[in-house]
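Take a look at the sequence and the 3D structure below. Keep both in view as you read.

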Amino acid sequence: MMRLLSSGNDDAVQIQLGNKPGEPFIITVNCPDKTGLACDICRFILHFGLSILKGDVSTDGMWCYIVLWVIPQSVLLPMSYSYLKDRLQAICPPCLASFYLVQKPTTSSPVYLLKLSCLDRKGLLHDVTKVLSELELTIQRVKVTTTPDGKVLDLFFITDNMELLHTRKRQDETCERLNTDLADSCIKCELQLAGQEYEHNHGISSLSPVLAKELFQCELSDNEVRSQSLSPNMQKLKKANVTLDNSLSPAHTLLQIQCVDHKGLHYDIMRTFKDLNFKISYGRFSPNVMGYRELDIFIQQKDGKKILDPDKQGELCSRLKLEMLHPLRAIIADRGPDTELLVANPVELSGNGRPRVFYDVTFALKTLGICIFSAEVGRYSASDREWEVYRFLLDENCEFQLTGIVARNLIVNRVRRTLMDW
């Protein structure tokens, strides 16, 4: 019998834990509906390192009921289940009759600047990222530089998911944890409220038109030989099938999706609906079968009508295929005499970026034994969208000949497979 994690009968979120470690647990969300709620829940589940095995979504436009069977991609800390419940609870609209009349405006979390001075070594950046992730500190921007004397200056602009970073106790805990985990590598740790320097670091260094076109273009040619060329897995993704059916429901359009599974697939689909302003009435997420997923989702336009316009149908199908084919972009390019890895993902219209990208990329580079000379994260506008762009200047002093096409393809494929969880 499963154990129920709940603090009251009226809780919007309940979690049923499995009997044995590694067994899936069930997340049930029962609360007032709001635009993009399923997207927000899937985004946080991705942020928390969880994988959705299967699920059901149902709403009448006023009230939403969601059941998800999830499994950790890594071992959760002992208190993480309670914290997961609290975080999901915070996403849900309040159960108040006045909610639809007067909604309290949301305020953004304050941004803090973490300054780290360390001795350089392989995997350092990922080790720092791992500590911040375990402390529930979200990286908003980052600037990493290596000095000629072999030291690294890291500037992390972070927000605290627990909203306690204004306290001395939380700040001391953060620096103490970094000092402990980084051991002799850490020279100095400072934490303060970010000032104007955060706005100055909002963007990234300029991209050349050729590089921007390759990174942000919507279609990739199978015949082109370059680091972004499609691997066999990406070729399978090209066969993703999206169909619309207006004959089964008098008020809804049935959307059927068949595609190769990847990390964050449900989030990619839900954020597409959210950005295009389509409402989900009912959805069923089937389990992974031989690496493929099937989803059946009944949707409506914002006005509550079916999607009958052929142009809107085509736009939705094309956008979904694009997000399933290219949820993330990864290329390697020359930056003067140096070699640079660039990774990009689209930003939601709400301003939210994709979780865990920096974590996964630094992990992939660490497993390859590649040092990062410098790194930066920022926003970039292209193709009528805003993108989050991660730039890593790779250290030439490693076992890879970074100028060789074989090594470059190996790096890009390892990064992509880590991001997609293949």
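This report goes from the whole fold to cysteines, then to one arginine, one helix and the cavities.

## The overall picture

Bear in mind that this is a predicted model. The protein has 422 residues, and 52% of them count as buried. Its secondary structure comes to eleven helices and 17 strands.

How far apart in sequence are residues that touch? Take the contacts with a separation of 6 or more. Of these, 69% join residues that are 24 or more positions apart.

## Cysteines without disulfides

A disulfide is a covalent bond between the sulfur atoms of two cysteines. How many disulfides does the structure hold? The count is zero.

Start with Cys31, which is in no disulfide. Its nearest cysteine sulfur belongs to Cys92 and is 3.7 Å away. A disulfide needs the two sulfur atoms within 2.5 Å, so this pair does not qualify. Is Cys31 buried or exposed? Cys31 is buried, and its relative accessible area is 0%.

Cys186 is also in no disulfide. Here the nearest cysteine sulfur is that of Cys118, at 4.7 Å. Cys186 counts as buried too, with 11% relative accessibility.

## Arg87 and its partners

Arg87 sits in helix H2, which covers residues 80-91. Which residues does Arg87 touch, apart from neighbours within four places in sequence? They are Phe44, His47, Glu136 and Asn161.

One of these partners, Glu136, also makes a polar contact with Arg87. That contact joins the two side chains, at 3.4 Å. Glu136 comes up again in the next section.

## Helix H3

Helix H3 spans residues 124-134 and is mostly covered. Of its eleven residues, eight are buried. Which ones are they? At the start of the list come Leu124, Leu125, His126 and Asp127. Val128, Thr129, Val131 and Leu132 complete it.

After H3 comes Glu136, the residue that meets Arg87 through its side chain. The phi of Glu136 is positive, near 60 degrees.

## The largest cavity

Rolling a probe the size of a water molecule over the atoms shows where empty space is left. The structure holds three cavities of 30 Å³ or more. The largest has about 110 Å³ of space. It is lined by 15 residues. Closest to its centre are Arg121, Gly123, Leu124, Leu125 and Ile372. Two of these names, Leu124 and Leu125, also appear among the buried residues of H3.

Which elements give two or more residues to this lining? They are H3, strand S8 (151-160) and helix H10 (357-367). By class, the lining of the largest cavity has eight nonpolar, three polar and four charged residues.

## The second largest cavity

What is the volume of the second largest cavity? It is about 70 Å³. Ten residues line this cavity. Nearest its centre lie Leu328, Arg329, Arg416, Leu419 and Met420.

Strand S14 (329-335) and helix H11 (405-420) each give two or more residues to the lining. The largest share comes from H11, with three residues. The lining of the second largest cavity divides into seven nonpolar, one polar and two charged residues.

Definitions and conventions:
Residues are numbered from 1 along each chain as its sequence is written. This is a predicted model: local features need pLDDT of at least 70, side-chain atom pairs count only at pLDDT 80 or more; totals for chains, interfaces and linings use all residues. Side-chain values use heavy atoms; hydrogens and water are left out. Buried means under 20% relative accessible area, exposed over 50%, partly exposed in between (1.4 Å probe, protein chains only). Helices (H or I, at least four residues) and strands (E, at least two) are DSSP runs, numbered from the N terminus. A polar contact is a pair of N or O atoms within 3.5 Å; within protein, one must be able to donate a hydrogen and the other to accept it, and residues adjacent in sequence count only if both atoms are side-chain atoms. Contact means heavy atoms within 4.5 Å. On a 1 Å grid over the protein atoms alone, a cavity is a set of points where a 1.4 Å probe fits but cannot get out, and a pocket is an open set with protein on both sides within 12 Å along at least five of seven lines; lining residues have an atom within 4 Å of a point. Grid points are joined across faces, edges and corners, and a volume is the space filled by probe spheres set on the points. Ala, Val, Leu, Ile, Met, Phe, Trp, Tyr, Cys and Pro count as nonpolar, Asp, Glu, Lys and Arg as charged, and the others, Gly among them, as polar.
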